[in-house]
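Q: Please pick one part of this model and take me through it closely. I would like to see how its residues sit and what they meet.

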Amino acid sequence: YTRKMMNQLTNPQVHQQGYRYINGLDAYHTLFSTVVDASEDRQTGQNLGVQISCIRKGGLVFTFFSAAAQSDFSYHRYTIDRTVDSFGELRSAQHIKRTPQRVTIRKAKQVQTLREFLSGQSVPTRDWNQIAIINGMELNRPLTENQLVKIVK
């Protein structure tokens, strides 16, 4: 996969590559530089530092593709490596047993503000701003009778 990605780039220069383990999972990393082709507004191409990290988990391969200007890549390398190295088995019960949120549609039965409507629907106040954004409204905006409102529960 790494070779396939590199074949699509202009003259990639490999700096490091090899296998290693990340949290007990097989991984393969390639660090290289390449030149982004010049465009109409630029006279010359831009040098990029690129890292492709592939991690095998079961029958799947998860890929992290990271790129930055070659001159800035070493500055970002620590953050890139920390992100890749954080990949692993999800073991936290609070994350594994999550139930998805569902969007439901409710109809306003009378003229009232979105805030009043949400209060009457027993929606927690911490969710009101998110619901207002989803509906493209403000909390103090009046709803018309029979207006549909999306609610996340």
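**A close look at helix α2**

A: Let's start with Arg-77, which counts as partly exposed at 24% relative accessibility. Here buried means under 20% relative accessible area, exposed means over 50%, and partly exposed lies in between, with a 1.4 Å probe and protein chains only as cover. This is a predicted model, where local features need pLDDT of at least 70 and side-chain atom pairs count only at pLDDT 80 or more, while totals for chains, interfaces and linings use all residues. Residues are numbered from 1 along each chain as its sequence is written, and side-chain values use heavy atoms, leaving out hydrogens and water.

Arg-77 forms a salt bridge with Asp-81, and the closest N and O atoms are 3.3 Å apart. A salt bridge is counted when a side-chain nitrogen of Lys or Arg lies within 4 Å of a carboxyl oxygen of Asp or Glu. Both partners belong to helix α2 and sit four residues apart, about one turn of the helix. The general picture helps here: an α-helix has 3.6 residues a turn, so residues three or four places apart point the same way.

Now for the helix as a whole. Helices (H or I, at least four residues) and strands (E, at least two) are DSSP runs numbered from the N terminus. Helix α2 covers residues 70-85, and its 16 residues should span 22 Å at 1.5 Å a residue; the expected span is 1.5 Å times one less than the number of residues. The end C-alpha atoms are 22 Å apart, which agrees. Even so, there is a bend of about 55° at His-76, taken as the angle between axes fitted to the seven residues ending there and the seven starting there.

What does the inner side of the helix look like? Phe-73, Ile-80 and Val-84 are the buried residues of α2. They pack against β1 (10-22), β2 (25-36), β3 (46-57) and β4 (60-69), where contact means heavy atoms within 4.5 Å.

One of those strands also meets the helix through charge. Arg-20 and Asp-85 form a salt bridge, with the closest N and O atoms 2.6 Å apart. This pair links distant parts of the chain, since Arg-20 is in strand β1 and Asp-85 in helix α2, 65 residues apart. Arg-20 is partly exposed, with a relative accessible area of 37%, and Asp-85 is partly exposed too, at 34%. As a general point, side chains of opposite charge can pair when their charged atoms come close.

Strand β1 also leads to a backbone detail worth a glance. In the loop between β1 and β2 lies Asn-23, which has a positive phi of about 50° although it is not a glycine. Asn-23 counts as exposed, at 52% relative accessibility.

To place the helix's pairs in context, the salt-bridge count comes to four. Among them is a pair outside the helix, Asp-127 with Arg-126, at 3.9 Å from N to O. Its two residues fall into different classes: Asp-127 is buried, with a relative accessible area of 17%, whereas Arg-126 is exposed at 69%.
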